[in-house]
Amino acid sequence: MALVNNITKRLEIPHESGEWMEIKKLSWAQLEAASDVASMAAMERIGKMGGDVIAAIKGATADQERAPGSEYDKAAVLKSGILRWSYDAKVTTDTINQLDKETADWAFEQILGLNKPWTEEETKNA
């Protein structure tokens, strides 16, 4: 049985010298919840648009690739995936919401990166 609660990684924040963040691999339930939040937000935005706007968006996005991770809500992923950091403030929902965009984007990518399928060697080293 593969439990993810012990799969963590401490990373240096590349754009903040001396700062680090410890993140964890998300469970399937946490990924589903983050996906559901993103889907509900998208449906709400679509519901506020008129039919002509929706048709134009469908036509414009049909040829575009979706951004990696776009199916997940960033706040939900960060709240589930950040365990500790070197900042003076405790890790809380409020302090996670106060991260600057660059750090939040970086942490989001790193957490989702932990959720890619692992090789057998990576699983042994976790």
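In which sense, and over how many bridges, do strands E1 and E2 pair? Keep that in mind while selecting the elements below.

This is a predicted model, in which local features need pLDDT of at least 70, side-chain atom pairs count only at pLDDT 80 or more, and totals for chains, interfaces and linings use all residues. Residues are numbered from 1 along each chain as its sequence is written, and side-chain values use heavy atoms, with hydrogens and water left out.

Start with the whole protein chain. The order of elements is β-β-α-α-α-β-α-α-α, with helices (H or I, at least four residues) and strands (E, at least two) taken as DSSP runs numbered from the N terminus. Of its 126 residues, 29% are buried, meaning under 20% relative accessible area with a 1.4 Å probe, protein chains only.

Next select residues 8–12, strand E1, together with E2: they pair in the antiparallel sense over five bridges. Two strands pair if DSSP finds at least two bridges between them. Arg 10 has Glu 22 of E2 as its bridge partner.

Add residues 82–85, strand E3, which pairs with E2 in the antiparallel sense over three bridges. Here Glu 22 stands opposite Arg 84.

Now isolate E2, residues 20–24. Five of its five residues are buried, so the strand is largely enclosed by the rest of the structure. Trp 20, Glu 22 and Lys 24 lie on one side, and Met 21 and Ile 23 on the other.

Finish at helix H3, residues 74–81, where Ala 76, Val 77, Leu 78 and Gly 81 are buried. Asp 73 caps its N-terminal end, with a side-chain oxygen 3.4 Å from the backbone nitrogen of Ala 75.

Note on methods
Buried < 20%, exposed > 50% of the residue type's maximum accessible area, 1.4 Å probe, protein only. Polar contact = N/O pair within 3.5 Å; in protein donor to acceptor, adjacent residues only side chain to side chain.
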